[in-house]
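Let's take a stroll through this one together. Have a look at the sequence and the 3D view, and then we'll go from one spot to the next.

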Amino acid sequence: MLPISFEVYPPKTDDQRAQLDRAMSKLKTFAPHFVSCTFGAGGSTQSHTSETVQRLRASHGLEGVPHLTCVGASREDIRALLRLYRALGVRRIVALRGDLPSGTLDRGDLRYASELVRFIHDEHGGHFHIEVAAYPETHPQARDALADLDHFKRKVDAGADSAITQYFYNADAYFRFVEDARARGVEAPIVPGIMPISNFSQLRRFSESCGAEIPRWIEQRMRAFGDDTGAVREFAADLVAAMCRRLIEGGAPGLHFYTLNLARPTMNVLSRIRTA
Ligand code: FAD
């Protein structure tokens, strides 16, 4: 069985906690390797990530994996969080630079994710399995695609054990990215991040800011379906499942699903992959 993992965001209200519990009760039947939980860079609600990591284990028996960002944080802030995570029994961390809410200038002590990876490694040796982000369609702030690849390699050289990609709908971009990384001597597994499609207009807005491309033919189809949510759901699940099958056949070492704390869109894709 190909390893799969899920990503969730930390719920902040009782309703959101109930929603996450409902989603995890269904999704855990797919036996995920781990469930990672995002972390709001520079936000005031960061403790929700550690609470969620504990909840995933206590209520669902799942390995909760915290994301950790360095932007806007001091070394001491990060040291304290790492100590907390170690005390909670965490063995895997997703290490990121993060994006500050716009208008904030405080950059923090560490500038790039590679510096965070090195810091974690220096402070905790091999205790944590360190995941980093990768961008098959290039990070939006990168000087260019090749510089971004070099910066990705820096994270691995600094001690990252594996990577999860930004989501994409062009499998060729993933294959080429992996090939280019291998040509630079990166051997770490690079797991594709998969975004099942539930709310297309929301996805389009989000994709613009994170630099993921929605191919024109998909946009056109979605537009043609209009308000026919059933047709949208079927088309979206078919298309994402077909891409996942291509990724698996092409050697992807696993699949990481961005669940947005919903079970249905991810299950629709996974059930199609399994029955194909
Ligand atoms: P980096 O790897 O540091 O790269 C950032 C930019 O700087 C890139 O353009 C890179 O090319 C450039 N760069 C890197 N090193 C150098 C250098 N030495 N000199 C010049 N340029 C350099 N955000 C959150 O806030 N919270 C989360 O929980 C979260 N989870 C994520 C999970 C995944 C799997 C992914 C793919 C992204 C996630 N993000 C999250 C978004 C991420 O924080 C942003 O994309 C952010 O802008 C970059 O983070 P990074 O770790 O990739 O940064």
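**Starting from one serine**

Set aside the neighbours within four places in sequence, and S114 turns out to touch R154, K155 and A158. Keep in mind as you look that this is a predicted model. You'll find S114 in helix α4, which covers residues 113-124. Is S114 buried or exposed? Its relative accessibility is 14%, and since buried means under 20%, S114 counts as buried.

Now zoom out to the whole chain. It has ten helices and eight strands, so helix α4 is one of plenty of elements to explore. What about the overall build? For 276 residues, a compact globule would come out with a radius of gyration near 19 Å, and the chain has 18 Å, so the two agree. Along its principal axes, the C-alpha trace spans about 50 × 45 × 40 Å.

S114 has company on the inside, too: buried residues make up 50% of the 276 in the chain. As for the outside, the chain exposes about 13200 Å², with carbon and sulfur atoms supplying 48% of that area. The charges are worth a glance as well: there are 35 positive and 33 negative ones, and their mean positions sit 3 Å apart.

How do the parts of the chain meet? Take the contacts between residues with a separation of 6 or more: 78% of them involve residues 24 or more positions apart.

The aromatic rings give you something concrete to look for. A search of the whole structure turns up nine aromatic pairs. One of them is F6 with F257: the ring centres are 6.3 Å apart and the planes meet at 55°, so this pair is tilted. F6 belongs to strand β1 (residues 4-8) and F257 to strand β8 (residues 255-258), so the pair ties together parts that are 251 residues apart in sequence. Both F6 and F257 are buried.

For another arrangement, turn to Y174 and F175. This aromatic pair is edge-to-face, with 5.6 Å from centre to centre and 65° between the planes. Y174 counts as buried, because its relative accessibility is 3%.

Which residues do ring pairs link into a cluster? Look for Y167, Y169, F206 and Y258, which are joined in this way.

Note on methods: Residues are numbered from 1 along each chain as its sequence is written. This is a predicted model: local features need pLDDT of at least 70, side-chain atom pairs count only at pLDDT 80 or more; totals for chains, interfaces and linings use all residues. Side-chain values use heavy atoms; hydrogens and water are left out. Helices (H or I, at least four residues) and strands (E, at least two) are DSSP runs, numbered from the N terminus. The radius of gyration is taken over C-alpha atoms; the globule rule is 2.2 Å times the number of residues to the power 0.38. Buried means under 20% relative accessible area, exposed over 50%, partly exposed in between (1.4 Å probe, protein chains only). Contact means heavy atoms within 4.5 Å. Accessible areas come from the Shrake-Rupley method with a 1.4 Å probe; for residues, only the protein chains shown count as cover. Lys and Arg count as positive and Asp and Glu as negative; His and the chain ends are not counted. The place of a charge is taken as NZ of Lys, CZ of Arg, CG of Asp or CD of Glu. Rings of Phe, Tyr and Trp (its six-membered ring) pair if their centres lie within 6.5 Å; planes under 30 degrees apart count as stacked, over 60 as edge-to-face and the rest as tilted.
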